[in-house]
Amino acid sequence: MKDTDTPLPPDALARRLTEVYDLVGPLYRRAQRSAEQGLAAHDLSVGVRAVLTLLHRNGPMTVPQIGRAQAISRQFVQRMVNEAAARDLVESIPNPAHRRSSLIRLTGPGQDAITAVLDREHRLLRDVGGDLTDTDVATCLRVLGAMLTALDHVDDA
């Protein structure tokens, strides 16, 4: 019987994690297409959705903070913030910690839009099934988090 609770040697771990990468790519592309379909009803782009979601979960943030959290460039985040602000979904407010870097926060319409989008996604995710346990999901998050951390040195900006 194979011991599955023993840490894998580096070469075996690399082979197994390659299997994860092989699933993450198609999963990401399908999830993005599904999100785009759901966002069309709200006339939101995937980029704006990402900004609104972060603000919904974390409260007001600076553009650089949003960029770091999403591992995307500050310039791209600024374009998404500008797009959202033009639609009254977000607004800039003074940042007491840093005069030159305003905080971005959701407006009422922004809160309503992202709540509707997240509710739709929640309904879709309820149908995943597979008898997954909280332990399964926690393990998945731990593995994906470790893989993401291992790529921290990659410059996305």
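## Helix packing in a predicted single-chain model

The accessible surface of the chain amounts to about 11400 Å², and carbon and sulfur atoms account for 55% of that area. The model is predicted. Of the 157 residues in the chain, 26% are buried. The C-alpha trace spans about 60 × 35 × 25 Å along its principal axes.

### Elements and annotated span

Six helices and two strands make up the secondary structure of the chain. Read from the N terminus, these elements follow the order α-α-α-α-β-β-α-α. Considering contacts between residues at least 6 apart in sequence, 56% join residues at least 24 apart.

A UniProt record, an unreviewed entry, places the feature "domain: HTH marR-type" at residues 10-149. Helix accounts for 71% of this span and strand for 6%. The C-alpha atoms at the two ends of residues 10-149 lie 16 Å apart.

### Two helix pairs

Two pairs of helices are set out below by axis approach and crossing angle.

| Helix pair | Axes come within | Crossing angle |
|---|---|---|
| H1 (residues 10-40) and H6 (residues 134-150) | 12 Å | roughly 95 degrees |
| H2 (residues 46-58) and H3 (residues 63-70) | 11 Å | roughly 105 degrees |

How are H1 and H6 oriented to each other? Angles from 65 to 115 degrees count as roughly perpendicular, and the axes of H1 and H6 cross at roughly 95 degrees; the two helices are therefore roughly perpendicular. On the H1 side, the contact involves Leu17, Val20, Tyr21 and Val24, which meet Val143, Leu144 and Met147 of H6. By class, this contact of H1 with H6 comprises seven nonpolar residues, with no polar and no charged ones.

The crossing of roughly 105 degrees between H2 and H3 lies in the range of 65 to 115 degrees, so H2 and H3 are likewise roughly perpendicular to each other. Which residues of H2 and H3 meet? Helix H2 contributes Ala50, Val51, Leu54 and Leu55, while H3 contributes Ile66, Ala69 and Gln70. The contact of H2 with H3 has six nonpolar residues and one polar residue, and no charged residues.

### Summary

In this predicted model, H1 is roughly perpendicular to H6, and H2 is roughly perpendicular to H3. Charged residues are absent from the contact of H1 with H6 and from the contact of H2 with H3.

Terms used
Residues numbered from 1 in each chain as written. Predicted model: local features only at pLDDT ≥ 70, side-chain atom pairs only at ≥ 80, totals over all residues. Heavy atoms only, no water. Axes fitted to C-alpha atoms, helices over the stretch in contact; angles between N-to-C directions. Helix = DSSP H or I, 4+ residues; strand = E, 2+ residues; numbered from the N terminus. Parallel < 35°, antiparallel > 145°, perpendicular 65-115°, else oblique. Contact = heavy atoms within 4.5 Å. Nonpolar A, V, L, I, M, F, W, Y, C, P; charged D, E, K, R; others polar. UniProt positions renumbered as here; feature names shortened; annotations may be inferred. Buried < 20%, exposed > 50% of the residue type's maximum accessible area, 1.4 Å probe, protein only. Areas by Shrake-Rupley, 256 points an atom, 1.4 Å probe, with all protein chains shown as cover.
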